[in-house]
Amino acid sequence: MTKKQEMTQKQTNKTLQNPILKWIDDRLPIIGLLQREYIDYPTPRNVNYFWSFGAIATIMLLVMIVTGLVLAMQYTAHVDLAFSSVQRIMRDVNYGWLLRTIHMNGASMFFLAVYIHLYRGMYYGSYKKPRELLWILGVVIFLLMMATAFTGYVLPWGQMSYWAATVITNLFSAIPIIGEQVVAFLWGGFSVDNPTLNRFFVLHFLLPFVILAVVFLHIAALHVTGSNNPDGIDVKSARDTLPFHPYITSKDSLAILVFAIGYAMVVFYAPNFLNHPDNAIPANPLSTPEHIVPEWYFLPFYAILRAIPNKLLGVLGLFGGVAILFFLPFLDRSKIRSCRYRPLYRWLLWLFVIDTMFLGWLGSKPAEEPYILWARLGTVYYFGFFLVLTPLISLIERPAKLPASISEPVLKTSDHPRDS
Amino acid sequence: MKKNTRVIKNALIIASCIVLLLTILPIKSNAASETSPLEKQSWPFKGILGHFDKTSLRRGYEVYTQVCAACHGMRFLHYRDLRELGYSKAQVVALAALNEVEDGPNDEGEYYSRLALPSDIFISPFPNDAAARVANNNVLPPDLSLMVAEKAAQGGADFIYALMIGYKEAPEGSELKEGLYYNTAFKGQEIAMPPPLFEDIIDFSDGTEASIQQMGFDVAQFLAWAADPSLEQRKRIGLRVIIFLGIFLIIAIMYKRRVWTRAHS
């Protein structure tokens, strides 16, 4: 423990007025820890609302776990009963429809929050030294979320559930030599069937708690380095920061409420908007739907998969599209974190954002021309952005002048006479 | 001045989030429909405070039991659910008792027939899918519980209505396959279901004239209810939730501003 940390711990311990809290804290310093990490935690004073999406994502994880637990009490993981048990939840269980629509649309809202969180990290260079591990843990969470969302989508055992499970698990058959065995291992048999549904339910139940554990590590790593900020420069003095409470908590509550209102509008007024209508038909192995489409949050990667004509390379592209995020901290050679001061990279990144949305749109289209060609161009930019543009741009980019400190622009404003 | 720009900036950030949301949300596959655009009906269950028209639902149930139920089951509905259509408890018992159900084994180990109870699911017209196929030209009449949800991309209740009134003489020159009927709403204009509705095929118990349009509208609304029975409750609660969150948001905005004025001094 550094001297500074020791000092702050003593301080918080001294400030504990309540004798019970003090008694606990002397034996298990958890009260002081919470005090340090969630009340005093010095946060750069210039963080904007994009920094709230971490908190929003955490809340979404908790919402998913709580609603999911209750749903699991009513759900039956069996091919003959799964579909009707979901209908029972929707029709007969008290407020079952509410729990399920919150959970079902919660997955989309969770991904939405995480995607914004991810883009924010990219724009403001939150993955750069010293936050590489923090970023990597975040990508681990993202991967786990994808596995959780996929296994969860299979559970209602509708047509789209069944065929999505078939298509996605079959991807592993592209692995040379052991592919077939891997797929049979995933299925627990020779097709997507009862053993598959059963193990997917178990995994869908387990993975959120793994995510929770990694989120804990993610936050622990964050609190070692401290939060990044829109200027992407280090905290230099106490003037640069504000205590987490009440400043960031008040800001986050506002953001969470705005997000919650959007979420409520989806849940109550368009609960099936993001749902594929084919999932209202019970799974039927004998009838393949016309178009098999995954949920929207997988569509960019699905488009990459279909853009590559070779099956193995396509699968590598699909997984590589996610895995490449692990290497972003080492691919970006620029010392400047924030895109505010990177005049070229900023536009490349915005183009990347548009590219991922474009790929997402293409993923929802049938695999035919001109969509395939467009998806190929989108895929080239996707990987080109990471593998070529990101490493090389810093050679020619001339960054704008960084402010001397985080508080400098704020101080300037406080010199002016205030109108209130 | 500076404060104003901050407000504008925050507004811009929120606006960009909303734009992002709106860009992502419409990414949705729409099954390409090769049929003419549907005529939209003014359903009472659309809108923020939408509700079902119970008299129409009851007529729709009459259409279902007297016409559709000859071939189509609704295995996710129980007779007790008919209470939501405005029937009394006694009426539901009577409506259920119009059907017979196979039950058992009893104490002697025998299977027996009894009158259906409110706790029974809607009795299916066929004992199994194979029997249903054999009786219907080798085509399985689909279960109707979730038909409106299933056809959401084609227009949901609007599609059901269009299908009900969509039976026409096949245009000259087009050849229908055997056992198929011409319907303007159905994909490919060929449907295996024979025209189910004819003028005055049933007598509505409320005396409404049973035109094809009337029966189509009522049965479409009934199926919309069957697919989404929590709609009314959902919309009612939703409005309250959003108002609650809105008030909470105003408080949060006031609190945030108050806290942050300290940060700028």
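**Domain contact and nonpolar cores**

Mentor: In this predicted model, 28 residues of domain 1 of chain A are in contact with 23 residues of domain 2 of chain A, contact meaning C-beta atoms, placed from the backbone, within 7 Å. Local features need pLDDT of at least 70, side-chain atom pairs count only at pLDDT 80 or more, and totals for chains, interfaces and linings use all residues. Residues are numbered from 1 along each chain as its sequence is written, with chains lettered from A and ligands numbered from 1 in the order written.

Trainee: Which elements give two or more residues to the side of domain 1 of chain A that touches domain 2 of chain A?

Mentor: They are helix 6 and helix 7 (132–154) of chain A, helices being DSSP runs of H or I with at least four residues, numbered from the N terminus. Helix 7 of chain A gives the largest share, eight residues.

Trainee: How should one read a nonpolar core, and which residues have the most contacts inside the largest?

Mentor: In soluble globular proteins, nonpolar side chains tend to be buried together. A core is a set of buried Ala, Val, Leu, Ile, Met, Phe, Trp, Tyr and Cys residues joined through C-beta atoms within 7 Å; buried means 20 or more other C-beta atoms within 10 Å of the residue's own. Here the largest has 94 residues, and F110(A) and A113(A) have the most contacts inside it. Helix 6 (residues 96–123) of chain A gives the most to this core, 16 residues.

Trainee: Where does this core lie relative to the domains of chain A?

Mentor: Domain 1 (39–292) and domain 2 (293–398) both give residues to this core, so it lies between them; the bounds come from an automatic or database domain assignment.

Note on methods
Buried ≥ 20, exposed ≤ 12 C-beta atoms within 10 Å, placed from the backbone. Contact = placed C-beta atoms within 7 Å.
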